[in-house]
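Here are some short exercises to work through with the model open beside you. Try each task before reading its solution.

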Amino acid sequence: GNYFSSWGIQQEALQFEDATVPPAHVTEQLCKLLEEVQKDVQPSPNGRGGSIVVHCTAGLGRTGSLLGALAMEMTGIGGGPWLGWVRMYRPGSVQTLQQERFLKTFGETSRITPGCMA
């Protein structure tokens, strides 16, 4: 059975090859999912919304790359500052040179759906 479903947790698979960067269709799919969740989440009594978990096998390379693209799109932070922050708070994040290049050039060479989570 599906472990997450047994706890009432919705799970979506946004798959791409280990040690690579997220293809455009994956970043756009993440954006759409987050927008759907944002519409559906009802604040709890303490005024906070729900949680979203993004992970890969180890939660480092692909996760850091995908969340970096999203954070950069949503906040305007650059790739260098993102890499510094994520590696300080999650050592080992963004594992390959390809992933570093992707984040350092994100926005110049690629974008998520315009207005994602604006």
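The exercises below go from the whole chain to one helix and then to one residue.

This is a predicted model, in which local features need pLDDT of at least 70, side-chain atom pairs count only at pLDDT 80 or more, and totals for chains, interfaces and linings use all residues. Residues are numbered from 1 along each chain as its sequence is written, and side-chain values use heavy atoms, with hydrogens and water left out.

**Exercise 1.** Find how many helices and strands the protein chain has.

*Solution.* Start with the definition: helices (H or I, at least four residues) and strands (E, at least two) are DSSP runs, numbered from the N terminus. Counting them gives five helices and zero strands. Read from the N terminus, the order is α-α-α-α-α.

**Exercise 2.** Decide whether α3 is mostly covered or uncovered, and name what covers its buried residues.

*Solution.* First locate α3 at residues 61-75, a run of 15 residues. Next apply the cut-offs: buried means under 20% relative accessible area, exposed over 50%, partly exposed in between (1.4 Å probe, protein chains only). Twelve of the 15 residues are buried, including L66, L70 and M72. Their cover includes α2, α4 (79-89) and α5 (97-105). Finally, step past the helix to G76, which has a positive phi near 85°.

**Exercise 3.** Place F16 and work out which residues it contacts beyond its neighbours within four places in sequence.

*Solution.* F16 sits in the loop between α1 (3-6) and α2 (24-40). Its relative accessible area is 12%, so F16 is buried. Taking contact as heavy atoms within 4.5 Å, its partners outside that sequence window are V21, P22, P23, V26, R62 and L66.

Key: The expected span of a helix is 1.5 Å times one less than its number of residues.
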